[in-house]
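Hi everyone, thanks for coming. Let me put the model up on the screen, and then I'll walk you through a few sites in it.

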Amino acid sequence: MHRRAHFTFLGLLAASACFAQGDPDVNKRIIDIGKNHNQVMKHLDTLTHKIGPRLTGSPNLEKAMNWFMEQFKKIGCQNVHTEQWGEWPVGFHRGQRQIGRMVSPWKLDFEFTSPSWTPGTTGLMRGPAVVAPTTMEEFNAVKGKLKGAWLVSQTAPPRGAAGAAPTDLDTAIAESGILGRVSGSRNELVLTSGNYRIEWDKLPTMRRITVRKSDMDSIMTGINAGRDVQLEFDMEQSFVKGPRKHANVIAEIPGTEKPDEVVIVSGHLDSWDGPSGQGALDNGTGVSVALEAARILMAAGAKPKRTIRFILWTGEEQGLFGSTEYVKQHEAELPKISAVFVDDGGTNYEGGLTCTAEMEPVLKKAQEPMTGVFPDMPFEIKVATRIPRGGGSDHAPFNAAGVPGFFWFETGRSDYNFVHHTQHDRYEFAIPEYLVQSSTNSAIMSYNLACADALLPREKPATPPPTGAGGR
Ligand SMILES: [Zn+2]
């Protein structure tokens, strides 16, 4: 519809008024600071090397929250605070001391992980590798060798359904005196996850370790050759007595004309905490981009008409808890949230987004000052009848509540699967020029949307399915 309006003089006036941008001089300064004086890698460096991974409920995440609040205050943001969204009975801390290796018959350092919220070792624990029995018969055949051994299996042992009673074999193994269970991953990636639903008086006791497939192949080669295979693990990890309170971090550049109307720029501050991961790309990049966007805007002297709110979510990895609770707690204000941007796809650049036809001209106008600034990183706006649902990040609860939530297309050469929840989620895999674009783009988009004449148009409600259609 807006396209036809362009053909008339009045329509043209209306269109340009409708999609007004911020101050052109401010836009120029944002581009200059963002492109030529960008500090996003400095933020990411501090976050990953001075703080490290940030499991929800961990002391490390608290440190990171405090550091970010300090930074937001330092650059001049206002209303810097945390908002609690929940609490869990037990926290978890994984320390730097993480060793996993084969010491005999040959030496091999493992790339390994263990689930968060599971026990570490009491110092360096060495023991023979014994192939895990899979039946009670096999168990009875090896039970004399289990005390003080590491039980190894090519792949993770099958786990019963949640809440199911342990099998006789599980119980026998648990009571056999093994040091723990070591299994191989499906490929060269070791993935960290974990179950936070634990109680202080019933903490998990089984050590569970995953090594790379090639590491397990090497262990099995030794065992199959009849050699004495000795493994060593030293994993510094401890439970933290709760309740552990959880909160999102919030900072603002208040709007000059409509402070109660808001554009949100966000990423998630929590991460998984595998032994060599730093939570660098999932999602250190996203929160560093949010902080840098804020810094660029403040340095450029941006005075947006609407408030630009920076939010660093937590509890994302365990189920989008921070954003889900935020939507509930701020239900009355949702109609005044123009848009929510989530940068949570690793280190690639902000290559575009999907919106509805009504939103397209406003978003195009907001992004216009970026035209030609990063010629190798084109930006694409795709039009759809609805913003895609799902997407597994913190935009989802907003979309579900009818607030336009955007997950940037993460465009570029970085392979997200290589880093996502793996041992490679590290600073050295970040791509600086992409993050420079991302932080500049986030600043430009949020500033100009916050200066547009109106809030971003909402999606039309979904057409109800035809009656008689079967449910699924
Ligand atoms: Zn993430």
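I'll talk about the metal site, then the aromatic rings, and then two loops.

A word on the ground rules first. This is a predicted model, so to speak of local features we need pLDDT of at least 70, and side-chain atom pairs count only at pLDDT 80 or more, while totals for chains, interfaces and linings use all residues. Residues are numbered from 1 along each chain as its sequence is written, and side-chain values use heavy atoms, with hydrogens and water left out.

Let's start with the zinc ion. Which protein atoms are its donors? They are NE2 of His268, OD of Asp282, and Asp344, which is listed twice with OD, at 1.9 to 2.7 Å from the zinc ion. Donors here are N, O and S atoms within 2.8 Å of the metal (3.2 Å for Na, K and Ca), and as water is not among the atoms, sites may look incomplete. The angles among the four donor atoms run from 51 to 149 degrees, and the site is irregular. For that label, four donors would be tetrahedral if all angles lay between 85 and 135 degrees; four are square planar and six octahedral if opposite donors are over 155 degrees apart and all others between 65 and 115; anything else is irregular.

Along the chain, the donors of the zinc ion follow the spacing H-x13-D-x61-D. His268 sits in strand β9 (residues 258-268), and Asp344 in the loop between β11 (337-342) and β12 (349-350), so this pair links distant parts of the chain, 76 residues apart. Helices (H or I, at least four residues) and strands (E, at least two) are DSSP runs, numbered from the N terminus. His268 is buried at a relative accessible area of 0%, and Asp344 is buried too, at 6%. Buried means under 20% relative accessible area, exposed over 50%, and partly exposed in between (1.4 Å probe, protein chains only).

Now, the rings. A pair of aromatic rings is described by the distance of the centres and the angle of the planes. Rings of Phe, Tyr and Trp (its six-membered ring) pair if their centres lie within 6.5 Å; planes under 30 degrees apart are stacked, over 60 edge-to-face, and the rest tilted. The count comes to 24 aromatic pairs. One of them is Trp88 with Tyr196, stacked at 3.9 Å centre to centre and 15 degrees between the planes. Trp88 is in strand β1 (residues 78-104) and Tyr196 in the loop between β6 (180-184) and β7 (208-211), 108 residues apart. Both Trp88 and Tyr196 are buried.

Phe418 and Phe429 pair edge-to-face, with 5.3 Å between centres and 85 degrees between planes. Phe418 is partly exposed at 30%, and Phe429 at 32%. Ring pairs also link Trp85, Trp88, Phe92, Trp117, Tyr196, Phe239, Trp272 and Phe321 into a cluster.

Finally, the two loops. Asn38 is in the one between α3 (24-36) and α4 (40-51). Its side chain has a polar atom 2.8 Å from the backbone oxygen of Gly34, and a polar contact of 2.9 Å joins the side chains of Asn38 and Ser439. A polar contact is a pair of N or O atoms within 3.5 Å; within protein, one must be able to donate a hydrogen and the other to accept it, and residues adjacent in sequence count only if both atoms are side-chain atoms.

Gly144 is in the loop between α6 (136-142) and β5 (150-153). Buried or exposed? Gly144 is exposed, at 76% relative accessibility.
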